[in-house]
Structures are given as C-alpha cells and as structure tokens.
Amino acid sequence: MNLEAFVLGCGGMMPLPYRHLTSVLLRRDGDLFLFDCGEGTQVSLKRLNLKWKKIDAIFISHTHADHVTGLPGILMLSSQVDRTEPLYIYGPPKVKEYVETSRQVLDMYINYPIIIKEITAPCVVHEGKDFYIRAFPLSHTKTCVGYTLEELDRPGEFNPDKARALGLPAGPLWGKLQRGENVTNSDGKLIQPGDVMGEKRSGRKFSFVTDTQYLPSIADEVKGSDLLICEGMFADDCEDQAKEKKHMTARQAATVAKDSASSRMAMIHYSPRYTDRDLELLLKQAQEVYPKAELTHDRMIFDIPYVD
C-alpha cells in the first residue's frame with residue numbers, strides 16, 4: 001500500500017512568486033487527506049495532476065489566514081464534479097464559522113455534504129479500518145493543533161512451508177489463517193494463525209506540526225514518525241522573535257525530530273524573509289542537531305515506505 005506526501009506549499013505568512021502557502025496532501029492508496037489549505041493549494045494540485053476531487057478529509061491546524069485562504073476555492077472546485085461522498089473538515093474552534101461564513105458571503109454552490117468537526121481536546125478525529133488520525137495541542141497565538149496519521153500493525157508474513165507441514169495444502173484455508181481465523185486440517189487438528197504467521201509488522205506514521213512554539217511534549221506526540229513535516233520558521237538569530245510570535249526555529253524543529261526518534265524530518269512554513277538561498281542557513285542549523293533534516297519546497301514528493 002503506497003503512502004506519499006505532496007508538499008503543495010511551504011511558505012508562511014504571505015505567498016511568494018516561488019512559494020505558495022502551507023499545505024500538504026497525503027495519499028494513502030485511494031484515500032486523500034489534505035493538511036492545511038493555504039493560498040495556492042489549487043495551483044500545486046493542478047501542476048502535480050493530483051485527483052483533488054477525491055479528497056476525503058481536510059485537517060486545519062488553525063484559522064490564521066495563511067493556513068485557510070485556499071479552502072473556499074477547494075470547496076467550490078469540488079462542486080464542479082458529481083460528488084456524493086461527504087467531505088470532512090477538522091480543526092479547532094472557528095473552523096466551522098469560517099467555512100459557513102465563506103459559503104454565505106460567497107454564495108457558494110455546494111452539491112455534496114460537508115461535515116465539520118471542531119476539536120476541543122486531544123483525540124482521534126478520523127479513522128479507517130487499519131489507520132487513525134489523531135489531533136494534539138500545540139501552542140500558538142490562537143488555538144492550534146498538530147496531526148498524526150498512524151497505521152495499525154500489519155499481520156506477519158505467511159509461511160507456506162509451515163502450513164503444508166501442518167497438513168494444509170494451498171487453498172482457501174490459507175486465506176482464512178492470513179485473515180486471523182482458526183482452521184482445522186484433514187485430521188481435525190486445530191491450526192491457529194500464530195502457527196503459520198510471523199511476528200506482526202509495524203505500520204507507518206506521518207506527522208504534521210505547524211504553527212507552534214517549541215514544546216517538549218510535541219516529541220512525545222510524533223514519536224517514531226516515518227515522516228515528520230515540521231515548521232522551522234526562523235534561524236537562530238531570530239529566536240526572540242520566534243518566541244514572541246510562538247513559532248519554532250529550525251534548530252528547535254530538529255530537536256523535536258531528534259527527541260522523537262523520527263526517521264525523517266522536513267521543515268516547512270518558512271518566514272518570507274528567507275529566499276531559497278537563505279534557507280540553506282536554516283538547514284545547516286537544523287542538521288547540527290538532526291543530521292538528516294531536510295527542506296521542503298513546493299511540489300516536493302515524499303514516499304513513505306514500510307520499514308519491514
């Protein structure tokens with residue numbers, strides 16, 4: 001099962017000619033999840049030829065303009081196709097008011113259900129049969145949350161040699177064992193899945209963190225991420241400004257990655273003061289703490305493979 005993250009915009013505060021505002025699309029086979037929806041989101045979706053009409057849910061971190069100004073356009077765009085499935089929107093208080101006011105003022109034509117759920121406490125906000133998406137609190141100038149998508153453990157690998165040795169030839173009984181069901185062989189002996197299946201294999205974890213001041217608790221929430229997308233808005237010389245505006249420096253983002261034992265961390269939501277060349281300074285400072293730190297850029301694609 002493929003798991004991919006598409007960076008639709010990596011900028012913060014204001015869009016630049018070469019940098020749209022923060023938005024990341026996560027594609028998990030047929031499921032599409034959008035995290036934040038800054039200005040320019042539609043442009044990157046089009047340039048990447050992504051199936052925007054199939055977006056299942058949108059997860060908003062907070063209602064500052066640089067994270068939601070692309071949302072009305074996405075809602076109206078989705079009405080240009082025959083969509084019957086509901087679109088779920090999650091976010092902290094004010095998300096519902098923003099969406100409903102935008103619909104009223106812009107006189108939006110919406111031909112599908114929109115279900116808005118506001119987050120008031122850390123919780124699982126969305127789930128499927130083998131994954132869930134959880135929200136957790138951040139600390140910004142207004143209520144803000146981060147998100148993790150975590151897959152459940154997968155069954156171990158099936159051992160056909162063991163199955164044959166236990167008197168089970170290839171056939172439907174093998175499938176039942178792989179689905180976790182007990183079976184009996186031709187001698188009437190009970191065969192359990194553990195008799196022919198290896199150890200469970202871990203799922204994958206994706207985390208999205210922006211906007212927030214540094215909190216040690218963030219590392220606990222995103223622990224073991226296969227990919228952590230984390231704001232690194234400022235360089236070291238702007239640490240006082242970061243603290244005042246409740247943002248993180250690149251070095252603090254790297255500290256979260258290191259303390260959470262994340263396999264991969266890429267920074268997002270850069271201050272517009274930094275040109276693409278200037279971002280190398282943020283990368284250098286982050287890599288002093290977490291050598292595998294990376295920079296995101298618009299329309300960057302991350303593949304998130306299984307570890308085992």
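The following exercises, each with a worked solution, concern the predicted model shown above.

Residues are numbered from 1 along each chain as its sequence is written, and side-chain values use heavy atoms, with hydrogens and water left out. Because the model is predicted, local features need pLDDT of at least 70 and side-chain atom pairs count only at pLDDT 80 or more, whereas totals for chains, interfaces and linings use all residues.

**Exercise 1. The first strands**

Task: Trace how strand S2 pairs with strand S1 and with strand S3, and determine how many residues of S2 are buried.

Solution. Begin with the terms: helices (H or I, at least four residues) and strands (E, at least two) are DSSP runs numbered from the N terminus, and two strands pair if DSSP finds at least two bridges between them. Strand S1 (residues 3-9) runs antiparallel to S2 and is joined to it by 6 bridges, with Leu3 having Arg28 as its bridge partner in S2. Next, S2 pairs with strand S3 (residues 31-35), again in the antiparallel sense, over 5 bridges, and here Arg28 stands opposite Asp31. The hairpin of S2 and S3 has 2 residues between the strands, and Asp29 in its turn has a positive phi of about 50 degrees. Finally, take buried as under 20% relative accessible area, exposed as over 50% and partly exposed as in between (1.4 Å probe, protein chains only); 5 of the 6 residues of S2 (residues 23-28) are buried, so this strand is largely enclosed by the rest of the structure.

**Exercise 2. Phe35 and its surroundings**

Task: Establish where Phe35 lies and which residues it contacts.

Solution. Phe35 is found in strand S3 and is buried, with a relative accessible area of 0%. With contact taken as heavy atoms within 4.5 Å, and leaving aside neighbours within four places in sequence, Phe35 is in contact with Ser23, Val24, Leu26, Phe59, Tyr147, Phe206 and Phe208. One of these, Phe59, is 24 residues from Phe35 in sequence, yet the two are 4.8 Å apart in space, C-alpha to C-alpha.

**Exercise 3. The two sides of helix H4**

Task: Decide how the buried residues of helix H4 are arranged around its axis, and what they pack against.

Solution. In H4 (residues 95-105), Val95, Val99 and Ser102 are buried. Seen down the axis, the buried residues fall within an arc of 65 degrees (from the directions between the helix axis and the C-beta atoms), so they line one face of the helix. An α-helix has 3.6 residues a turn, so residues three or four places apart point the same way. The buried residues of H4 pack against helix H3 (71-77), strand S5 (87-91) and strand S6 (114-118), while Gln104 and Val105, on the other side of H4, are exposed. Before the helix, Lys94 lies in the loop between S5 and H4, and this residue has a positive phi of about 95 degrees although it is not a glycine. At 49% relative accessibility, Lys94 counts as partly exposed. After the helix comes Asp107, whose phi is also positive, near 50 degrees.

**Exercise 4. The seven-stranded sheet and the cores**

Task: Give the strand order of the sheet, and relate helix H10 to the sheet and to the largest nonpolar core.

Solution. The sheet is open, and its 7 strands follow the order S7-S8-S9-S12-S13-S14-S15 with mixed pairing. Strand S7 (123-128) and strand S15 (294-295) are the edge strands, each pairing on one side only. Helix H10 packs on the sheet, touching strand S13 (227-231) and strand S14 (265-268), and its direction makes about 150 degrees with that of S14; the axes are lines fitted to C-alpha atoms, for helices over the stretch in contact, and angles run from 0 to 180 degrees between N-to-C directions. Turning to the cores, a nonpolar core is a set of buried Ala, Val, Leu, Ile, Met, Phe, Trp, Tyr and Cys residues joined through side-chain atoms within 4.5 Å. The largest has 58 residues, of which Tyr147, Phe206 and Met265 touch the most other members, and its largest share, 5 residues, comes from H10 (residues 250-259). Another core, of 26 residues, lies apart from it and includes Leu34, Ile60, Leu71 and Ile114.
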